[in-house]
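This report walks through one protein chain for a reader who has not met it before. It starts from a single residue and works outward to the elements around it and then to the whole chain.

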Amino acid sequence: MTILVAGAGGQLGRELVLRGAALGVVGLDHGQWDVSDPAATARIVAEYRPRVVINAAAHTAVDKAEGEPERALAVNRDGVRNLAWACAAQGAALLHLSTCYVFDGAKGAPYTEDDAPHPLNVYGRSKWEGERLLPALLPRHLTLRVSWVFGAQGGNFVRTMLRLAGEGRPLRVVADQTGTPTHAGDIARALLRLAARIQDGEALPWGTYHYPGGPATTWHGFAQAIMARARDTGLLDTAPPVATIGSGDYPAAARRPRYSVLDGTRGREVLGLEPADWRAGLQEVLSAWKDAA
């Protein structure tokens with residue numbers, strides 16, 4: 001009845017392990033399990049014989065992926081193929097994470113699961129190439145596309161903003177990219193609920209779903225909220241100003257979509273996945289850091 005987590009050292013994987021002990025979650029980090037290795041993946045899944053595998057392993061360094069596309073594809077595409085083969089051999093279901101960056105942002109309205117992916121960067125392409133393999137290799141899978149993930153574990157935008165503010169650095173944040181920040185803790189809770197339903201023998205409607213945070217905002221709006229909440233929580237004495245810049249003012253190796261809002265209607269209606277309010281998740285993260293300080 002094991003739930004086996006690949007990528008347990010990342011911010012989402014660590015949340016899954018912390019929150020999933022009662023469900024029998026076993027997590028392995030990259031040093032223990034490189035999903036890009038097909039033989040190792042087959043051996044590990046056969047050894048644990050899980051009912052459910054959650055794939056939180058990913059190459060998520062968006063800019064770095066531009067310079068090492070082979071590595072991004074090895075993890076985000078080939079790793080998914082290896083997991084699908086291993087799960088099929090053991091009769092396990094796979095819960096897989098993908099990204100809003102499979103879309104190019106040209107639509108200008110929330111993306112549904114019926115919209116055709118058209119990634120702008122290597123990271124988005126590698127994630128799309130991974131998820132598109134699954135239907136033929138492993139029908140018993142759920143892919144959740146998520147967006148702008150942040151949490152109390154690991155490195156992320158929230159931690160970076162607080163570090164810069166603490167160093168007295170001027171904050172200049174892009175205001176022409178719109179998306180839906182999503183708390184890693186909320187994603188972990190959603191995945192664990194789905195895994196528990198599979199363990200209980202429920203026949204879920206397999207396929208791809210969106211699990212966005214809400215409401216939509218820009219990186220600049222997100223940064224402003226971080227500063228205000230950090231001040232109110234006591235992590236900062238004052239909320240420093242956040243200057244507005246455009247994407248062209250922030251040099252980055254990878255192109256980002258200007259609009260990457262995900263529509264969570266299908267996930268809510270079919271799977272009962274209620275989109276999470278990122279503002280509550282942000283407060284949870286900041287309060288945890290304050291308590292640990």
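## A buried histidine and its surroundings

H96 has a relative accessible area of 1%, so it counts as buried, the cut-off being under 20%. The model in which this residue is described is a predicted one. H96 has its place in strand β4, and, leaving aside its neighbours within four places in sequence, it is in contact with N55, V80, K127, E131, L134, L142, T143 and L144.

The strand that holds this histidine is itself mostly covered, for 7 of the 7 residues of β4, which spans residues 93–99, are buried. A93, L95, L97 and T99 point one way from β4, while L94, H96 and S98 point the other way, and all of them are buried.

## The sheet around β4

What is the order of the strands in the open sheet? The sheet has 6 strands in the order β2-β1-β3-β4-β5-β10, and their pairing is parallel. The edges are taken by β2 (25–28) and β10 (207–210), each of which has a single partner strand, so that one side of each is left without a neighbour in the sheet. From one strand to the next, the twist averages 20 degrees.

The pairings that involve β4 and β5 can be set side by side, each with one pair of bridge partners.

| Strands | Sense | Bridges | One bridge pair |
|---|---|---|---|
| β3 (residues 52–55) and β4 | parallel | 4 bridges | V53 and L94 |
| β4 and β5 (residues 141–146) | parallel | 6 bridges | S98 and R145 |
| β5 and β10 | parallel | 4 bridges | L144 and Y209 |

L144 therefore appears twice in this account, since it is in contact with H96 and is also the residue whose bridge partner in β10 is Y209.

## Helices that pack

Helix α5, made of residues 122–131, is mostly covered, with 7 of its 10 residues buried. The buried residues in α5 are V122, Y123, G124, S126, K127, G130 and E131, and K127 and E131 are also among the contacts of H96. The buried residues of α5 pack against α3 (62–67), α4, β4, α6 (134–137), β5 and β10.

Two helix pairs can be described by the way their axes cross. The axes of α2 (residues 38–48) and α4 (residues 69–90) come within 9 Å and cross at roughly 35 degrees, and the crossing of α2 past α4 is right-handed. On the α2 side this contact is made by P38, T41, A42, V45 and A46, and on the α4 side by N82, L83, A86, C87 and Q90. An α-helix has 3.6 residues a turn, so residues three or four places apart point the same way.

In the other pair, the axes of α7 (residues 157–166) and α9 (residues 219–233) come within 10 Å and cross at roughly 60 degrees, and α7 also passes α9 in a right-handed crossing. Here F157, V158, M161, L162 and A165 of α7 meet W219, F222, A223, I226, M227 and A230 of α9.

## Backbone details in the loops

Which residues are joined by a cis peptide bond? The bond lies between G214 and P215, with omega at about 0 degrees, and P215 is found in the loop between β11 (213–214) and β12 (217–218).

Although R49 is not a glycine, it has a positive phi of about 50 degrees; it lies in the loop between α2 and β3, where it is exposed, with a relative accessible area of 64%. W148 is another residue other than glycine with a positive phi, near 50 degrees, and is found in the loop between β5 and β6 (149–150), but at 8% relative accessibility W148 counts as buried.

## The chain as a whole

The protein chain contains 11 helices and 14 strands. Its radius of gyration is 19 Å, close to the 19 Å that the globule rule gives for 293 residues, so the chain is as compact as a globular protein of that length. Taken along the principal axes, its C-alpha atoms fill a box of roughly 55 × 40 × 40 Å.

Of the 293 residues, 53% count as buried, and the accessible surface comes to about 12,200 Å², of which 50% belongs to carbon and sulfur atoms. Among contacts in the chain with a separation of 6 or more, 80% are accounted for by residues 24 or more positions apart.

How values were computed:
Residues are numbered from 1 along each chain as its sequence is written. This is a predicted model: local features need pLDDT of at least 70, side-chain atom pairs count only at pLDDT 80 or more; totals for chains, interfaces and linings use all residues. Side-chain values use heavy atoms; hydrogens and water are left out. Buried means under 20% relative accessible area, exposed over 50%, partly exposed in between (1.4 Å probe, protein chains only). Helices (H or I, at least four residues) and strands (E, at least two) are DSSP runs, numbered from the N terminus. Two strands pair if DSSP finds at least two bridges between them. Axes are lines fitted to C-alpha atoms, for helices over the stretch in contact, and angles run from 0 to 180 degrees between N-to-C directions. The radius of gyration is taken over C-alpha atoms; the globule rule is 2.2 Å times the number of residues to the power 0.38. Contact means heavy atoms within 4.5 Å. Accessible areas come from the Shrake-Rupley method with a 1.4 Å probe; for residues, only the protein chains shown count as cover. A crossing is left-handed if the near helix is turned anticlockwise from the far one by less than a right angle, and right-handed if clockwise.
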